[in-house]
Amino acid sequence: MEKKAFDFIGKKNLWFILSISIIVIAFSVIGFRYIAYKQFFTLGIDFTGGSSIVLRFDALDKISQITNPDKKNQEKDKFLNNVRSILGEFQLEQSSVQYSEGKDMRSEDLMIKTKPLDNEVRQGLLNTLETKLGRMELLESDIIGPSIGAELASTSVKIIFIAVVLLLIYITFRFDFPYAIAAIVALLHDTLLTIGLAGMFKFEIDTAFVAAILTILGYSIHDTIVIFDRIRENVPLLKSKETFFNIVNISISQTLARSINTVLTVELTLLSLLVFGGETIKTFSLVLLLGVFFGAYSSIFIAGPILVMIKKWQEVE
């Protein structure tokens, strides 16, 4: 007796309600925060404008020579925490602090991005950093104007929009227009969930966040295409004895093990980055961790039901 496929499509209202509820809760929190603090998201200086300085510390050169990876990461995190503590003394707790590879490819420099600083505060910060953390060298000092930040934000939105349009065209040519619409709805689902939760938990929105969103879209569409490929293969084989509704259920069931194995492999890798990758990439790793999970979820529980709904509407018309 052939095992009956799980009814992914028949339970579509459950999946839709779950996703919509999370999105509504997340954006409601963001909305209330705007009413209270006049701020939707925690934007990095890439978008708001500010000051950027690159420093080289003797202490970091010594840390870079440590051969034990665990001890090296511990010392780097400890050094970052000390820098953040000093920034807190100047009311700069929201500043971005990260390592950047030195020009000699062996040492690491420190990049600090803050809100706009006047010369007096900037010099005071540099003096305090050198006094408490040891000798250092100022390598770069730049000012990112608000207009540049606004232009960067606009460019980021355009990049995401262009990526979605190109995916729409690609899937339309490879499959059919209903498949493209279902895939784009799934991508919109992933984007809204990721941005909503990032905003609700006050993740910093910067260029790295935009890169994470684009990565999530790429993963999600790849996972969706695998399922759509199986649906396309099964339609000519099963259409004489099964409805399109059942064919989609069967196709999702056939690719379920592959989808679960893939997402677990990716998530374990991202979890390792989150735990062992250090402070500088924690937010990036966490965004990817959430987004990849949402991408796998939407490929299985959102894209298929949306495709069946569109096909049903076409039949009615």
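Me: Helices are DSSP runs of H or I with at least four residues and strands are runs of E with at least two, both numbered from the N terminus. In this predicted model, where is Ser-95 found?

Reply: The structure is a predicted model, and its elements are named by that numbering. On that naming, Ser-95 is found in the loop between α4 and β3.

Me: Is Ser-95 buried or exposed?

Reply: A residue counts as buried when its relative accessible area is under 20%. The relative accessibility of Ser-95 is 11%, and because this lies under that cut-off, Ser-95 counts as buried.

Me: Which residue's backbone oxygen lies 2.8 Å from a polar atom of the side chain of Ser-95?

Reply: Leaving aside residues up to four places away in sequence, Ser-95 touches Leu-87, Lys-113 and Thr-114. The backbone oxygen that lies 2.8 Å from a polar atom of the Ser-95 side chain belongs to Leu-92.

Me: How far apart are the end C-alpha atoms of helix α4?

Reply: Helix α4 runs over residues 69-89, which is 21 residues, and at 1.5 Å a residue the expected span is 30 Å. The separation of its end C-alpha atoms agrees with this expectation, at 31 Å.

Me: Which residue has its backbone nitrogen within 3.0 Å of a side-chain oxygen of Asn-68?

Reply: This polar contact is found at the start of α4, whereas just after that helix Gln-91 takes a positive phi of about 55 degrees. The side-chain oxygen of Asn-68 reaches to within 3.0 Å of the backbone nitrogen of Asp-70.

Me: Which helices are included in what covers the buried residues of α4?

Reply: The buried residues of α4 are Lys-76, Phe-79, Leu-80, Val-83, Ile-86, Leu-87 and Gly-88. Their cover includes the strands β2 (50-57), β3 (96-101) and β4 (108-114), and it also includes the helices α3 (58-64) and α5 (119-133).

Me: Are α4 and α5 roughly parallel or oblique to each other?

Reply: Residues of α4, including Phe-79, Val-83 and Leu-87, meet residues of α5, including Leu-125, Leu-129 and Leu-133. The two axes come within 10 Å and cross at roughly 140 degrees, and α4 passes α5 in a right-handed crossing. Angles over 145 degrees would count as roughly antiparallel, so the relation of α4 to α5 is oblique.

Me: What distance separates the end C-alpha atoms of α1?

Reply: Helix α1 covers residues 12-37, and among its buried residues are Trp-15, Phe-16 and Ile-23. At 1.5 Å a residue its 26 residues should span 38 Å, and the distance between the end C-alpha atoms agrees, being 37 Å.

Technical notes. Residues are numbered from 1 along each chain as its sequence is written. This is a predicted model: local features need pLDDT of at least 70, side-chain atom pairs count only at pLDDT 80 or more; totals for chains, interfaces and linings use all residues. Side-chain values use heavy atoms; hydrogens and water are left out. The expected span of a helix is 1.5 Å times one less than its number of residues. Buried means under 20% relative accessible area, exposed over 50%, partly exposed in between (1.4 Å probe, protein chains only). Contact means heavy atoms within 4.5 Å. A polar contact is a pair of N or O atoms within 3.5 Å; within protein, one must be able to donate a hydrogen and the other to accept it, and residues adjacent in sequence count only if both atoms are side-chain atoms. Axes are lines fitted to C-alpha atoms, for helices over the stretch in contact, and angles run from 0 to 180 degrees between N-to-C directions. Angles under 35 degrees count as roughly parallel, over 145 as roughly antiparallel, 65 to 115 as roughly perpendicular and the rest as oblique. A crossing is left-handed if the near helix is turned anticlockwise from the far one by less than a right angle, and right-handed if clockwise.
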